[in-house]
Amino acid sequence: MVEAHHHRPTLKQQNKSFKSKHASKGSLKDAAKGRIARASPKASPSSNSAAQSRLNRRNSAKQVQTIKRNALVSATRVFNGVDGAPRIVAVIPLTEDVSTKSTVGSLAEILDLASDECPEDGIWKMSRADRFKTSLQFRTVPYRNFYAALDACKVADYVVFVLSSSVEVDTWGDTLLRTLQAQGLPDVVSVVSPDASMDAKSRTATLKSLLSFIQYFVPNQTRIFDLHVSSDRLNALRSLSEGKPADVRWKEGRSSILGESVEWDAGTLKVTGIVRGSALSVNRLVHLPNFGDYQVSKIFSAPLPRLSKVAHVASMEVEPALLVEPDPSSADSLVSSNDPDDLANEQTWPSEEEMNGATDDVQAEIPDALEGTTPKSVRRIPKGMSEYQAAWILDEDDDEGEDGEESKESADEVEMEDMQEVEEMQDMPMDDTATEVGGVRFEDLDIEEEEEQLEKWRNRQREEEDDLSFPDEVDTPKDIPASTRFQRFRGMRSFRTSPWDPYENLPRDYARIFQFEDFKRTERGVRRRAEQELSVVEPGVRVTIHLKDVPREAATTSPVILFSLLQHEHKVTVLNFTVQRNTEYDGSVRSKDSLILCVGPRRLAVNPIYSQHTRGGGKGANNVHKFERYLRHGVTSIATTYGPVIYGKQPCVLLRETTDSEAPQLVAMGTFMNPDTTRIVAKRIILTGHPFKVHKKTATIRYMFFNPDDVHYFKPIQLHTKHGRTGHIRESLGTHGYFKAYFDGPINQMDTVCMSLYKRVFPKWAKTWTGAASGKKASIAQALHPEAMEE
């Protein structure tokens with residue numbers, strides 16, 4: 001028998017173990033280690049599993065439907081019942097020829113109700129209609145009443161925009177719509193006023209045009225109701241009376257009261273209204289727009305008298321009962337800022353000469369004034385100079401803006417020391433010609449200075465263009481040493497990574513503000529404690545709230561609107577907002593310009609500073625951000641100011657006042673970011689020099705400094721060029737500020753050598769904006785209640 005031929009074992013094929021197509025079932029099970037493969041959705045399931053899946057989907061949909069229905073019932077429960085709260089409707093006219101009273105009257109006419117008592121500016125309640133089983137409370141706002149319209153929309157459940165069929169919306173109406181859009185709007189109903197007649201042929205085109213206009217600001221609008229037609233009146237009323245009002249995000253967890261009646265008695269303001277929103281806590285502060293924050297002393301019930309079913313007359317009134325009183329241990333105080341102790345700072349021990357009073361630079365005593373004169377100031381003049389000669393000595397004012405103010409004091413000291421070395425000085429009392437008008441110091445300027453200020457104001461647009469073309473570049477002064485002029489600036493090797501202590505050289509205002517260790521954790525704790533609060537009044541209850549130490553002028557503003565505050569929202573800290581400029585505003589917006597900040601229920605008079613917004617909102621390695629001199633179009637910036645604490649992502653609006661107090665300009669809108677007090681806003685200046693002589697990597701630079709002392713002072717700071725080269729100063733040349741510099745590569749003769757210097761800047765203190773008549777209002781409120789105005 002012939003044996004079969006066999007190959008050698010070394011020639012047998014061995015499949016690669018990681019190739020799954022060659023793996024056996026056993027090896028695949030071992031690799032899976034007990035995991036079960038996911039069933040393919042394309043595979044046809046069995047009839048039993050398909051039926052089970054269908055039942056599960058049906059059951060899930062039923063559960064979602066039940067949850068939504070229960071949420072709707074709970075949300076609208078406050079409006080149901082005999083004592084249900086009315087739905088608040090703000091009626092806002094957008095043109096001059098429409099009337100809010102006639103608009104409300106046309107809606108009431110469809111239910112055969114009289115609206116003769118409805119005012120043009122005030123509150124009118126539509127009695128309960130059996131058709132819709134609810135009641136409406138209209139807050140009518142007259143035309144060109146800007147801030148009243150903002151407050152009315154904050155507290156309203158619905159907003160009715162009244163348009164005209166013959167007059168277009170002007171600039172004021174456009175600004176109001178943009179501001180309300182940025183502030184946050186509840187449900188909107190747009191109607192055409194019945195005042196002006198509408199041609200039947202052009203009705204369709206007019207309604208289509210008005211719908212296109214209103215959809216630009218409120219995209220979810222689907223139709224415009226024509227109040228000339230009875231069916232549209234009924235449908236508009238049905239939109240206001242049925243369904244659940246939309247929620248505005250920033251009002252979550254806050255309560256508000258629209259005052260139906262107001263009474264002032266010996267500093268106590270009694271406001272009667274229905275609590276709306278969340279539960280009202282008696283231990284928290286209440287904000288009164290244009291006046292400030294106040295404490296609650298008591299809350300009484302204020303039930304409406306019920307009608308007798310037999311005679312339809314008012315039955316005996318129910319006596320108001322005390323609902324809640326504040327707990328002194330947990331009630332918020334009106335302390336909004338700290339009281340800094342200047343004596344707590346670090347002190348140096350005086351020397352023996354200073355204690356003996358033997359220093360040479362002690363200023364002589366101010367001479368006594370002559371009889372019949374009241375000198376306002378004392379000037380230093382050379383000894384022997386007459387009063388007539390001294391009148392010709394001009395005071396040198398530094399008109400270089402912010403950069404000049406910071407070195408003015410040091411420059412004056414240098415000049416004073418030089419003058420004292422030359423000749424002996426004496427003090428001469430000067431009679432100030434400045435007068436005080438209405439408590440404000442007024443000084444009549446001469447013609448030259450008036451022309452100079454006018455020219456500076458006209459050149460503001462050109463300054464903004466120059467800053468855009470040559471950002472942060474400044475000229476080194478020739479008469480003042482650069483080490484003195486820029487003594488508060490520092491050099492940084494890397495703007496993003498170089499360390500910067502956020503607690504060094506802080507202004508005095510930083511001793512007054514509050515800082516959070518962990519703001520997010522504090523906010524969660526505040527909201528959790530607000531939900532567990534016991535001394536509260538539930539929404540939908542009609543109450544009379546008593547506020548302490550309120551000025552009498554607050555009772556004259558009708559109607560009064562109250563907003564509750566959360567814990568710590570009266571404390572002042574540093575607020576950072578992400579803002580973008582309004583595309584329709586063409587004016588120049590500079591840092592520290594006076595603006596009106598509208599955020600939440602507050603309006604603050606602020607002077608914000610702007611800085612660059614890091615992508616993603618991060619802090620970076622050192623939390624240093626570049627200062628922006630101007631707020632520019634198309635760029636998201638950070639606006640920093642002092643202000644009361646804010647919780648949540650609240651929208652903000654920046655307005656600029658004009659000659660018409662009720663027609664401000666919308667400058668920017670944005671959102672609250674955080675209250676980070678360690679955020680460093682660094683102002684950058686760039687000193688530039690010209691390459692005088694160039695030899696490969698070495699160059700002689702001029703025009704950056706004008707004396708050798710400045711060259712030695714700024715020698716450690718790194719140089720850079722506009723073409724990307726970096727270098728450093730090697731040595732000073734001559735006596736005119738020339739120096740030799742070495743770079744990391746050959747530089748061009750046409751290049752520009754730069755040196756970047758940085759200084760931390762801070763905003764100005766903010767105050768409560770008190771409206772057009774702020775002078776009288778603020779002085780009275782400050783005298784009666786200083787801490788309420790200190791925001």
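Which residues does Pro194 touch, not counting residues up to four places away in sequence? The exercises below concern a predicted model, and the first of them takes up this opening question.

**Exercise 1. Place Pro194 in the chain, list its contacts and classify its accessibility.**

Solution. Begin with the position along the chain: Pro194 lies in the loop between β5, which spans 187-192, and α6. Next, collect the contacts beyond four places in sequence, which are made with Ser102, Thr103, Ser106, Leu227 and His228. For one of these partners, Thr103, the separation in sequence is 91 residues, whereas the C-alpha to C-alpha separation in space is 6.8 Å. Finally, the relative accessibility of Pro194 is 24%, and because the partly exposed class lies between 20% and 50%, Pro194 counts as partly exposed.

**Exercise 2. Determine how helix α3 is oriented to helix α7, and describe their contact.**

Solution. First take the geometry: the axes of α3 (residues 100-109) and α7 (residues 230-241) come within 9 Å, and they cross at roughly 95°. Angles of 65 to 115 degrees count as roughly perpendicular, so α3 is roughly perpendicular to α7. The contact itself is made by Ser106, Leu107 and Glu109 on the α3 side, and by Arg233, Ala236, Leu237 and Leu240 on the α7 side. Sorted by class, the contact of α3 with α7 has 4 nonpolar, 1 polar and 2 charged residues.

**Exercise 3. Carry out the corresponding analysis for α5 and α6.**

Solution. The axes of α5 (residues 171-183) and α6 (residues 203-217) come within 9 Å and cross at roughly 40°. That angle makes α5 oblique to α6. In this contact, Asp174, Leu177, Arg178 and Gln181 of α5 meet Phe213, Tyr216 and Phe217 of α6. The residues of the contact of α5 with α6 divide into 4 nonpolar, 1 polar and 2 charged.

**Exercise 4. Describe the cavities, and then follow Asp676, one of the lining residues of the largest cavity.**

Solution. Rolling a probe the size of a water molecule over the atoms shows where empty space is left. The structure holds 8 cavities of 30 Å³ or more, and about 70 Å³ of space lies in the largest cavity. Its lining consists of Tyr510, Val574, Asn576, Ile609, Thr640, Asp676, Arg679, Val681, Arg760, Val761, Phe762 and Pro763, which by class gives 7 nonpolar, 2 polar and 3 charged residues.

Turning to Asp676, this residue lies in the loop between β30 (665-674) and β31 (680-695). Its relative accessible area is 13%, so Asp676 is buried. Not counting residues up to four places away in sequence, Asp676 touches Val574, Asn576, Lys619 and Asn623. Asp676 and Val574 are 102 residues apart in sequence, yet their C-alpha atoms are 6.4 Å apart in space; Val574 is also among the residues lining the largest cavity.

**Exercise 5. Give the phi values, positions and accessibility classes of Asn623 and Asp472.**

Solution. Start with Asn623, one of the contacts of Asp676. The phi of Asn623 is near 60°, a positive value in a residue other than glycine, and Asn623 is placed in the loop between β26 (609-612) and β27 (624-628). With a relative accessible area of 8%, Asn623 is buried. For Asp472, phi is near 65°, again a positive value in a residue other than glycine. Asp472 is found in the loop between α13 (460-469) and β19 (473-474), and its relative accessibility of 4% means that Asp472 counts as buried.

Definitions and conventions:
Residues are numbered from 1 along each chain as its sequence is written. This is a predicted model: local features need pLDDT of at least 70, side-chain atom pairs count only at pLDDT 80 or more; totals for chains, interfaces and linings use all residues. Side-chain values use heavy atoms; hydrogens and water are left out. Axes are lines fitted to C-alpha atoms, for helices over the stretch in contact, and angles run from 0 to 180 degrees between N-to-C directions. Helices (H or I, at least four residues) and strands (E, at least two) are DSSP runs, numbered from the N terminus. Angles under 35 degrees count as roughly parallel, over 145 as roughly antiparallel, 65 to 115 as roughly perpendicular and the rest as oblique. Contact means heavy atoms within 4.5 Å. Ala, Val, Leu, Ile, Met, Phe, Trp, Tyr, Cys and Pro count as nonpolar, Asp, Glu, Lys and Arg as charged, and the others, Gly among them, as polar. On a 1 Å grid over the protein atoms alone, a cavity is a set of points where a 1.4 Å probe fits but cannot get out, and a pocket is an open set with protein on both sides within 12 Å along at least five of seven lines; lining residues have an atom within 4 Å of a point. Grid points are joined across faces, edges and corners, and a volume is the space filled by probe spheres set on the points. Buried means under 20% relative accessible area, exposed over 50%, partly exposed in between (1.4 Å probe, protein chains only).
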